Amino acid sequence: MAPLHFTIFIFFSFIFAISSSSFAPSRHPFDPLTETELKLVKTIINKTYPIGPSHKFTFQYVGLNEPDKSLVLSWYSSPKHTIKPPPRQAFVIARDNGKSREIVVDFSSRAIVSDKIHVGNGYPMLTNDEQEAATELVLKFKPFRDALTKRGLNISETVFTTSTIGWYGESEAETERVLRMMPFYLGGTVNMYLRPIEGMTILVNLDVMKVTEFKDRLTVTMPKANGTEYRYSELKPPFGPTLQNAVILQPDGPGFKIDGHVVRWANWEFHISFDVRAGIVISLASMFDMDVKKYRQVLYKGHLSEMFIPYMDPSDDWYFITYLDCGDFGCGQCAVSLEPYRDCPAGAVFMDGVFAGQDGTPAKIPNVMCIFEKYAGDIMWRHTEAEIPNLEITEVRPDVSLVARIVTTVGNYDYIVDYEFKPSGSIKMGVGLTGVLEIKPVEYTHTSEIKEEDIHGTIVADNTIGVNHDHFVTFRLDLDIDGSPNSFVRNELVTKRTAKSVNTPRKSYWTTSPKTAKTEAEARVKLGLKAEELVVVNPNRKTKHGNEVGYRLLSSPPSGPLLVQDDYPQIRAAFTNYTVWITPYNRSEVWAGGLYADRSHGDDTLAVWSQRNREIENKDIVMWYTIGFHHVPSQEDFPTMPTLSGGFELRPTNFFEQNPVLKSKPIKITAAKSCIPKND
């Protein structure tokens, strides 16, 4: 493997950063669509569907049309990529006069090669433009303005967030494309989510852009603005805790290289791109094996598939809050520009994200992704040997990893999503939750005042309940462990009683009982029910000692859904019923909650696909993994929430012949108190 070399200086008042603009882009089958390509898509489609007063046509999603996997792998495996790459195409979901239209645009022919109307339930991802238009509509709506006047509130201090409303058994004809508008009041704070104006039901039909329902139950309780400030510039002393200023400098620059969207670091090579729905997409991740002197496949493609966030208050103001964030709002569309030295450390390289706006015009999110080397004081491996007479040995290798990061802010929550690559061959997916609680106003300021049997949360401040809720974050991981044909092994750890014939004082031990899943049903896993290791292996590749090469799943503490199976939100989010699913590769099965998540009926989800119970042994398979959080809010979550983290790891198991980082050279570390000379 390539050696890891960099020097770390810790000192005050010095900043070093690298811009990704110095890296020239290159063509790759998985490169995200460029601004030029998005403009071309708009031009080609508008020739067929001209936009005018009598023809409402909006771009809801524009992304790279998934290329044929066999063609991608042929291109990738060819020497210096001499084989022609697969056709480059864009996949578009549009709203066309009240219908969802799916269009494929081919760039080489500059033509539409597929065009069909979606038949079925659900609606496409919302655009920023239509959410803003709905807000402007309600702000001008007289019954709403009158309701504010009754409460003594000022329209200029009122802001909105939008909420999808889910599905609760309505027929397809009754399931209109509507948003529920949720008003908040500033009145001395910018922490809007902590001052909701409750008691109103406001529905906007997006296809006709009209308020179709308005009800006012006139509740007037509202939390105070004081104590909600979180901006450093506006906070008052005393400050604390005090942390020492520090900057990490790599004098020779970062240890990774970026060629277009291909990243090479240590023994890793992978492609990174941006998608308006998924956020970061990692593709063709391979590891260099020193023993065989070549890159070996690990991950064909991995990304966020869906996030399910149900709140646990069944009242009229809350029951509908059961978001499917990626499918409803777009985890890429909601991604934010990252702050150098705060969101990402010194030495990070930043990349922009480009997507199509509602009219097809390209929009850019600057610095939406960052890549950096992470040195956190961890140890890659070590051993001290003191048992040999007259000899003491200590060998230590500091650990370094490479992180690709994106932050998506969906309403009140900020999600930090990390893909971390380690020289040992592991890939860690991490999710951090921070931001602001979604709260419910109440009359109470103390638990002794509570009259209801269940307040559905915790009193976190005066007149403020942080409502109980869940976060389920589902990843789609198309693993190709040393090639595409893989199998899924459930290696159960079984307790055995020691045989009486064995001469030992021990009464028990555990051993392994591996079972290869033959169908999808055998591969559905609820973690925590029994002790087992979950391994994706390539049964066609073995080590010199006869072990199947593979990657093992190291999971986070399991948190599964607690809603009943026939509750409508859980029907739509049935992909959370199991922590792990294995399905055969199908390029149309990408989004765990369905391609059309908004107001979906749960009939096009991972759970439905898996009911076909297809064969998965020695096939091209996909792993789906869900990180779960049950969040009972606490006072420490107010007014902003310290980051709560979870994740999982894919770790080599018999993939290499021995420890792949055994011969890694120790990195050189230099500490300096200051870069500024002392005055005599």
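Domain bounds, as used here, come from an automatic or database domain assignment. With those bounds in hand, the enclosed spaces of this predicted model can be placed. A search over the whole structure returns six cavities of 30 Å³ or more, and two of these are described below.

The largest cavity has a volume of about 170 Å³. Its lining is made up of 17 residues, and those nearest the centre are Met182, Pro196, Ile197, Glu198 and Asp317. Strand β7, which spans residues 178-185, is the main contributor to this lining, giving five residues. Sorted by class, the lining of the largest cavity holds 12 nonpolar residues, one polar residue and four charged residues. Where does the largest cavity sit with respect to domain 2 and domain 3? Residues of both domain 2 (128-231) and domain 3 (256-365 + 468-630 + 643-653) take part in the lining, so the largest cavity lies between these two domains.

The second largest cavity contains about 70 Å³ of space. Here 14 residues form the lining, with Ser559, Gly560, Thr579, Thr626 and Gly628 lying nearest the centre. Strand β33 (residues 619-631) supplies the largest share of this lining, namely four residues. Readers interested in polarity may like the class counts: the lining of the second largest cavity has seven nonpolar and seven polar residues, and no charged ones. In the largest cavity, by contrast, four charged residues belong to the lining.

Methods. Residues are numbered from 1 along each chain as its sequence is written. This is a predicted model: local features need pLDDT of at least 70, side-chain atom pairs count only at pLDDT 80 or more; totals for chains, interfaces and linings use all residues. Side-chain values use heavy atoms; hydrogens and water are left out. On a 1 Å grid over the protein atoms alone, a cavity is a set of points where a 1.4 Å probe fits but cannot get out, and a pocket is an open set with protein on both sides within 12 Å along at least five of seven lines; lining residues have an atom within 4 Å of a point. Grid points are joined across faces, edges and corners, and a volume is the space filled by probe spheres set on the points. Helices (H or I, at least four residues) and strands (E, at least two) are DSSP runs, numbered from the N terminus. Ala, Val, Leu, Ile, Met, Phe, Trp, Tyr, Cys and Pro count as nonpolar, Asp, Glu, Lys and Arg as charged, and the others, Gly among them, as polar.
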